[in-house]
Amino acid sequence: MDEEIFIDCNQKTLDLFGCTKEEIVGKPPYEFSPKIQPDNRPSKDKALEKITNALKGKPQRFEWRHKKLNGELFDAEVSLNRIELGDKTLLQAIVRDVTERKKTEEQISMLAHAIKSISESVCLTDMNGNIIFVNNSFSSSYNYSDSEIIGKHISILLSSDKPGALLNKMLFDTLKEGWNGEVVSRRRDGTEFLTSMSTSVIKNDNDDPVALITVAMDITDRKKSENELRQSKQMLQLILDNVPQRIFWKDVNSKYLGCNKNFANDAGFSSPKEIIGASDYDMPWKTSEADYYRLVDNEVMETGKPVFHIIEPQTHLDGKIAWLETNKTPLYDEHGRVVGMLGTYEDISERKKAEEQIKESEERFRSLIDNMIEAALIIDWTGEIIFANNSAARLVGLDNPEQGIGKSVFGFLHPDDKKRVLKAISKTKFKPAPFLDEYKIKTVDGKDRWVESLGTKINFSNKNSLLVTLRDITERKYAEIELREAKEKAEEMNKIKSNFLANMSHELRTPLVGILGFAELLKDKLKEKPTTEMAERILTSANRLMDTLNLVLDLSRIEAKKVDFNLKPYRIPELVESQIQLFEAVAERKNLFLETKVKDQNLFAKVDEQIFRQIINNLVNNALKYTYTGGVSILVDTTSGDDKPYVRISVKDSGIGIPQESLGLIFQEFRQVSEGFNRHFEGTGLGLTITKNFIEMMEGNIKVKSTVGSGSTFTVMFPLIQDYAQVEIKKASEVDNEKFTQKILAPGEKPNLLIVDNDESSRDIIKLFLKDLFKMDFADSGEKAFRLVNDKIFDIILMDINLGKGMSGVETTKEIKKIESYKNVPIVAITGFAMRGDREEFLQAGCTHYLSKPFSRAKLIKLLSEIAPVKKTDH
Ligand code: ADP
């Protein structure tokens, strides 16, 4: 080149540029270049710069992009050198086409780039193991920068006790055919990780090994998931081997692909592996069984549908036949094609045996129930009849039990009891206890029957149901109803009896006032025998009649429960002694001794004084009555019974005694030891009955011991009051004493008395009894009495309660009490109604005192003397 112009060139140059010499000489090089070079500089500027530099004596060597004559571009390496040729300074340009080299370089660079950026770690070493190259993945995996690792020996990357030995082996194998394996690698910070490594030799064109390439991959995660997979596989195997179910799977030809341990056992193999490839015909089962298994396998695989709950037999090695419940399911591949089947089964031999036993026992149970005399039904909880026996059919009038099956049991219940039974049944469902009831049912022909029924929860045909047994109790029920009616009637009769007795006693009392009163007056009046004796006999007889009346009245009081006790603590010996006194005369007359022995004067018990006296009377009276020689002794002491102390009163006689067989009888009403026409003794047979009742009503008891011919002992006990210092003890009242009244009625102005009574005899008797002591007016009706009290002021009124027609005594008293001036006037109620409760009514009406009919003169005078106002005498 001269300056920037080509002046000559060789043939190679012409080939390169694709032109003739004429076409190139005289032209500058930039004419054979693109306008712009790859570094973006204009070719002309760059060329001139290079030329200038070269001319200055600085040889230039650079890459240049040229253009052939036909416009094709190519890369060239250009060197410009100044040459002196004579005096001329020329430039020699050598252009070398580097297109191929460039391509190779680019490829290498690309390769290097690729190696740099692939995820596997790549490392190149020389034949001595010194690292000459690592890619990005390598340096980041091992945590070294390029500069830190290049030049180092590869052994620093390996974690091994003897990395030298490992390396020798690696090298040996690599040179032979390459090496690969798992190696524990070490990072810069010393931490280790598992890598899969492969090494191979890099050879030059002459096939000489020049370097080694190592590719390493971090397999920590892969190892972990491999481990996990292995573990889960092991777990699956463990599960398979430990479930009680047998599990197996087969291919499309029904050849076994696998199974669990339990299945292998059944098939007589020691491990599941041994079964692979075998068919059912290689198993201990019978050919017929294997045929059947195969049949179902095919069906499952052909239809692609699972089959469940196949009950089938399976013969084992030892000849035992097991019963299986098998499920078979087709197995599909990822394309949905059937590739085999999975089977599971359970050995249900035990269950089947139990079921058979249940069935057997159910059949036995059925035949038992079928033949039972009692009716039996099994119903479900809706009341539907599941089973009925012959007796049940008979009970409701069906020809056979089948006619009842499926029907509701409620259709057979009587409307009266339907609801109740329904409730009882539904309760039984939730309670373990059976229900027992009596109710009415309706037979198919509409008849009512009474049944006694027991409902028990049972398990029938594997269902929770109710067994109902029924017994026809219609006859018994009617008998019961009759009995109840009879009892009610008896009670009614007894009530009528009590009322009758009460009325009778009232009706008899009123005339007795006359009989007793007149007899008493006659006895006083008459001086000569035998008329005095007659009067006395009338008096005795009337008294006996009155005693009987009193007993009858007491009995009706007890039965009507109208006895109201006035219970107070008394010194019992004192009460006994004062009562016994009354019998001294009788004993003397019969020439019998009568003694009272008291162990302790301080024995207290809570009793009603009047009733207690009546009890003692009755016992002592009987004792004297039935004794002819010897006498009667009364003992008061204490005893203990049922852990409590008692006061004991024993009345012992030396009389005729009571036969053993009659001892239970004498306390029954109207019963006597000698009864009927050959009765030896007078009496009503009521005394002991009433006594016993009274004693028991006061929490005491009575016993009797007796020997015929030598005497009887009646023992009465009352609970003893131990701490008697604490209680207020009542004093026994004085015994009636006739003389006593006469003292009271002092002479003076006679009080005014109004006697209201519709019975003439009663009025007359009172008139005679009181004639010297009172001024008297009489009224035979309430109305008349009311008129009289308005005319005159009376000091005392004697008011009969039963006045027959018109106002009663109670009404009259009420009216009188309304009059101001009668507010404080005593009114004595006189009545034959000697019931205790009645007294309250009289007192409430305004009566201030009470006297029951018949009364003796003494009793009447005593009462009146107590209430009569004291009036001044005329003197
Ligand atoms: P009664 O009015 O007949 O005496 P009770 O009920 O007092 O009635 O007595 C029933 C019967 O018990 C008497 O009829 C008599 O046979 C018998 N009895 C009662 N006390 C004695 C006794 N102390 N000795 C023998 N028999 C007695």
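At what angle do helix α18 and α19 pack? Keep that question in mind and start there. Note that this is a predicted model.

**Stop one: two helices**

Select residues 609-625, which make up helix α18. Then add residues 687-697, helix α19. The two pack at an angle of about 145 degrees. Their axes are 10 Å apart. Turn the view to follow the crossing: α18 passes α19 in a left-handed sense.

Now show the side chains at the contact. From α18, pick Ile611, Gln614, Ile615, Asn618, Leu619 and Asn622. They meet Gly687, Leu688, Ile690, Thr691, Phe694 and Ile695 in α19. What classes of residue make up this contact? Seven are nonpolar and five are polar, and no charged residues take part.

**Stop two: a pair within α19**

Stay on α19 and select Lys692 and Glu696. These two form a salt bridge, with the closest N and O atoms 2.7 Å apart. General background helps here: side chains of opposite charge can pair when their charged atoms come close. Glu696 and Lys692 are four residues apart in the helix, so about one helical turn separates them. Check the surface next. Glu696 is partly exposed, with a relative accessible area of 39%. Lys692 is partly exposed too, at 25%.

**Stop three: a network**

Next, select Arg61, Glu63, Glu77, Arg96, Arg101, Lys102 and Glu105. Salt bridges that share partners join these residues into one network.

**Stop four: Lys223 and its two partners**

Move to helix α8, residues 220-242, and centre on Lys223. Which residue of strand β6 pairs with Lys223? Select Glu182. Glu182 and Lys223 form a salt bridge, their closest N and O atoms being 3.4 Å apart. Glu182 lies in β6 (residues 179-186) and Lys223 in α8, so the pair ties together parts that are 41 residues apart in sequence.

Now add Glu226. Its side chain also meets Lys223 in a salt bridge, at 3.6 Å from N to O. Here both residues lie in α8. They are three residues apart, about one turn of the helix.

Are these residues buried or exposed? Each falls in between. Glu182 is partly exposed at 45% relative accessibility. Lys223 is partly exposed at 24%. Glu226 is partly exposed at 33%.

**Last stop: the whole structure**

Zoom out and show every salt bridge. How many salt bridges does a search of the whole structure find? The count is 52. Among them are Glu182 with Lys223, Glu226 with Lys223, and Glu696 with Lys692.

Conventions
Residues numbered from 1 in each chain as written. Predicted model: local features only at pLDDT ≥ 70, side-chain atom pairs only at ≥ 80, totals over all residues. Heavy atoms only, no water. Salt bridge = Lys/Arg side-chain N within 4 Å of Asp/Glu carboxyl O. Buried < 20%, exposed > 50% of the residue type's maximum accessible area, 1.4 Å probe, protein only. Axes fitted to C-alpha atoms, helices over the stretch in contact; angles between N-to-C directions. Left-handed = near helix turned anticlockwise from the far one by under 90°. Contact = heavy atoms within 4.5 Å. Nonpolar A, V, L, I, M, F, W, Y, C, P; charged D, E, K, R; others polar.
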